[in-house]
Amino acid sequence: MATKIRLARGGSKKRPYYRIVIADIRAPRDGRFIEKVGSYNPMLPKDSEDRVQLNVERVKYWLGTGAQPTDRVARFLDAEGLLKREPRNNPKKAQLGRKAQERLDEKKAAEEEAAAAAAAASEEAAAE
């Protein structure tokens, strides 16, 4: 059975609270799970000890049996020193899309034309 270490949401509206659970990959996010191995409370400050709580022994066991953590849980495990997570690199993330780049190019061209027309008008006024 393929398993994942993932978050299951609890708490009320706009007050999230997550359990870190071991679940079958086919189970729904907040549905059936095999075992609860920790909790995550994003409402607490980042430097709080109680923000992320893990049962380290059980997490090690499940990692040993082949359970794959989700991205967010992998961050928690990396902070605990249980799993090495490579940082992601997406150099295209900050680049504009095709249409936005075209609009920007058109705007620059219009500004250059306006600047050239203003420079020509000021030269004509100086010549007279």
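Are tyrosine 40 and phenylalanine 76 buried or exposed? In this predicted model, tyrosine 40 is buried, and phenylalanine 76 is buried as well. The legends below take up this pair and several other close-up views.

**View 1. Tyrosine 40 and phenylalanine 76 form a tilted aromatic pair.** A search of the whole structure finds 3 aromatic pairs. In the pair shown here, the ring centres of tyrosine 40 and phenylalanine 76 lie 4.7 Å from each other, with 50° between the planes. The pair links distant parts of the chain, since tyrosine 40 belongs to strand S3 (residues 35–40) and phenylalanine 76 to helix H2 (residues 71–80), 36 residues apart. Tyr18 joins Tyr40 and Phe76 in one aromatic cluster.

**View 2. Tyrosine 61 and tryptophan 62 make an edge-to-face pair.** The ring centres of tyrosine 61 and tryptophan 62 are 5.3 Å apart and their planes stand at 80°, an angle over the 60 degrees required, so the pair is classed as edge-to-face. The surroundings of the two residues can be read from their accessibility: tyrosine 61 counts as partly exposed because its relative accessibility is 43%, whereas tryptophan 62, with a relative accessible area of 12%, is buried.

**View 3. The sheet is open and contains 5 strands.** The strands follow the order S4-S3-S2-S1-S5, and their pairing is mixed. Strand S4 (52–54) and strand S5 (68–69) are the edge strands, each of them pairing on one side only. Helix H2 packs on this sheet and touches S1, S2, S3, S4 and S5, its direction making about 100° with that of S1. Helix H1 lies across S1, S2, S3, S4 and S5 too, and runs at about 120° to S3.

**View 4. S1 and S2 form a hairpin with 2 residues between the strands.** The two strands pair in the antiparallel sense over 10 bridges, and within this pairing serine 12 stands opposite arginine 15 in S2. Lysine 14 is found in the loop between S1 and S2, where its phi is near 65°, a positive value in a residue other than glycine. The side of the hairpin that carries this residue is open to the probe in the sense that lysine 14 is exposed, with a relative accessible area of 68%.

**View 5. S2 and S3 pair in the antiparallel sense.** This pairing runs over 5 bridges. Isoleucine 22 stands opposite glutamate 35 in S3, while the bridge partner of valine 21 in S3 is lysine 36.

**View 6. Aspartate 24 is a buried residue of strand S2 (residues 15–24).** The relative accessible area of aspartate 24 is 8%, under the 20% cut-off, and aspartate 24 is therefore counted as buried. The side chains of aspartate 24 and arginine 26 are joined by a polar contact of 2.8 Å. When neighbours within four places in sequence are left aside, the residues in contact with aspartate 24 are Met1, Ala2, Arg6 and Ile34.

**View 7. The largest nonpolar core has 13 residues.** The members that touch the most other members are Ile5, Leu7, Ile20, Val37 and Val73. Strand S1 (3–12), S2, S3, helix H1 (56–64) and H2 are the elements that give two or more residues to this core, and H2 gives the most, with 3 residues. In soluble globular proteins, nonpolar side chains tend to be buried together. For valine 37, not counting residues up to four places away in sequence, the residues touched are Ile20, Val21, Ile22, Gln53, Leu54, Asn55, Arg58, Val59 and Trp62.

**View 8. Alanine 79 is an exposed residue of helix H2.** Its relative accessible area is 68%, over the 50% cut-off, so alanine 79 is counted as exposed. Between the C-alpha atoms of alanine 79 and alanine 127, which are 48 residues apart along the chain, the separation is 71 Å.

Notes
Residues are numbered from 1 along each chain as its sequence is written. This is a predicted model: local features need pLDDT of at least 70, side-chain atom pairs count only at pLDDT 80 or more; totals for chains, interfaces and linings use all residues. Side-chain values use heavy atoms; hydrogens and water are left out. Rings of Phe, Tyr and Trp (its six-membered ring) pair if their centres lie within 6.5 Å; planes under 30 degrees apart count as stacked, over 60 as edge-to-face and the rest as tilted. Helices (H or I, at least four residues) and strands (E, at least two) are DSSP runs, numbered from the N terminus. Buried means under 20% relative accessible area, exposed over 50%, partly exposed in between (1.4 Å probe, protein chains only). A polar contact is a pair of N or O atoms within 3.5 Å; within protein, one must be able to donate a hydrogen and the other to accept it, and residues adjacent in sequence count only if both atoms are side-chain atoms. Contact means heavy atoms within 4.5 Å. A nonpolar core is a set of buried Ala, Val, Leu, Ile, Met, Phe, Trp, Tyr and Cys residues joined through side-chain atoms within 4.5 Å. Two strands pair if DSSP finds at least two bridges between them. Axes are lines fitted to C-alpha atoms, for helices over the stretch in contact, and angles run from 0 to 180 degrees between N-to-C directions.
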